[in-house]
Amino acid sequence: MVTDIRILEIIFFLYFASHIPITLFLDLQALLPEHVYPQALRDLLKWYGEDFHDPLMLQPPFWFKSFIFCEALLQLPFFPVAAYAFLKGGCKWIRTPAIVYSTHVATTLVPILSHILFHDFPAGPHPGPQTPKQRWTLVSIYVPYLLIPLLLLLTMLFSSTYNPTPEAGHVPAKAKKKN
């Protein structure tokens, strides 16, 4: 029988495994020279940015580029490790890195979502969302990158699989030193 924690692990595996190509083929276009990417990938990013009114990806401001830099330097190496851990399941060693990852990503999504919802976007050259519907559509694309890391954080903090409680009668080493 599949347990609730195993369902979450599969969700986390899919999240991290899918994040690898998204980062390599789309997100890093904000940092790397244009000639690094084939025309098809540049066209895909242009289509996405124009159809979903996402100027952050088409003409990223420096603060957004700093988030992409962190994604490349810190998160991308973690993605295959996390994908492996959650595919295998029950890997307690992933707990601390997952907590660091999830808090970092959730923190970066707050200014991104605030920018999407409240910034007064100019009409060009890459217009951002102008209507509430366009803003909420764009938010719906970004919000899974907030919700899944928050779910990951809660799982790492409160799941007995990843955060076991001390056994009855077992006194932690720190408590012994105080006596």
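**Questions and answers on an all-helical chain**

Student: Against which helices do the buried residues of helix 7 pack?
Tutor: This is a predicted model, in which local features need pLDDT of at least 70, side-chain atom pairs count only at pLDDT 80 or more, and totals for chains, interfaces and linings use all residues. Residues are numbered from 1 along each chain as its sequence is written, and side-chain values use heavy atoms, with hydrogens and water left out. The residues in question, buried in the sense of under 20% relative accessible area (exposed is over 50%, partly exposed in between; 1.4 Å probe, protein chains only), are Leu 146, Pro 149, Leu 152, Leu 153, Thr 155 and Met 156. By contact (heavy atoms within 4.5 Å), they pack against helix 1 (4-25), helix 4, helix 5 (95-118) and helix 6 (132-142).

Student: How many helices and how many strands does the chain have?
Tutor: Helices (H or I, at least four residues) and strands (E, at least two) are DSSP runs, numbered from the N terminus. From that terminus on, the elements run α-α-α-α-α-α-α-α. The count is eight helices and zero strands.

Student: Among contacts in the chain between residues at least 6 apart in sequence, what share joins residues at least 24 apart?
Tutor: The chain has 179 residues, of which 35% are buried, and its C-alpha atoms fill a box of roughly 65 × 35 × 35 Å along the principal axes. Among contacts between residues at least 6 apart in sequence, the share joining residues at least 24 apart is 69%.

Student: What distance does helix 1 reach from its first C-alpha to its last?
Tutor: Helix 1 has 22 residues, and the expected span is 1.5 Å times one less than the number of residues. Its buried residues are Ile 5, Glu 9, Phe 12, Tyr 15, Phe 16, His 19 and Thr 23, and these pack against helix 4, helix 5 and helix 7. The distance reached, close to the 32 Å expected, is 32 Å.

Student: Which residue meets Arg 6 in a salt bridge?
Tutor: A salt bridge is a side-chain nitrogen of Lys or Arg within 4 Å of a carboxyl oxygen of Asp or Glu, and the structure holds two. Arg 6 is partly exposed at 24% relative accessible area, whereas its partner is buried at 4%. The two are three residues apart in helix 1 and therefore separated by about one helical turn. With 2.9 Å from N to O, the partner is Glu 9.

Student: What is the N to O distance in the salt bridge of Lys 46 and Glu 50?
Tutor: These residues are four apart in helix 2, so about one helical turn separates them. Lys 46 is partly exposed at 45% relative accessible area, and Glu 50 is partly exposed at 43%. Their side chains meet with an N to O distance of 3.9 Å.

Student: Which side chain of opposite charge is nearest to Glu 71, and how far away is it?
Tutor: Lys and Arg count as positive and Asp and Glu as negative, while His and the chain ends are not counted. Glu 71 is found in helix 4 and touches His 19, Thr 23, Asp 27 and Leu 76, not counting residues up to four places away in sequence. Asp 27, in the loop between helix 1 and helix 2, is likewise buried without a salt bridge. For Glu 71, the nearest opposite charge is Lys 65, at 14 Å.

Student: What is the area of the nonpolar surface patch that includes Leu 73?
Tutor: Patches are made of residues with over 30% relative accessible area and no salt bridge, like charges being joined within 9 Å and nonpolar side chains (Val, Leu, Ile, Met, Phe, Trp, Tyr) within 5 Å. Leu 73 lies in helix 4 (residues 62-88) and is exposed at 52% relative accessible area. Accessible areas come from the Shrake-Rupley method with a 1.4 Å probe; for residues, only the protein chains shown count as cover. Together with Leu 31, Leu 32, Val 36, Phe 69 and Leu 74, Leu 73 makes a patch of about 540 Å².

Student: How far apart in space are Pro 127 and Leu 56, C-alpha to C-alpha?
Tutor: Pro 127 is found in the loop between helix 5 and helix 6 and touches His 53, Pro 55 and Pro 122, not counting residues up to four places away in sequence. Of these, His 53 lies in the loop between helix 2 (39-51) and helix 3 (55-58) and has a positive phi of about 55° although it is not a glycine. Pro 127 and Leu 56 are 71 residues apart in sequence, and their C-alpha separation in space is 10.0 Å.
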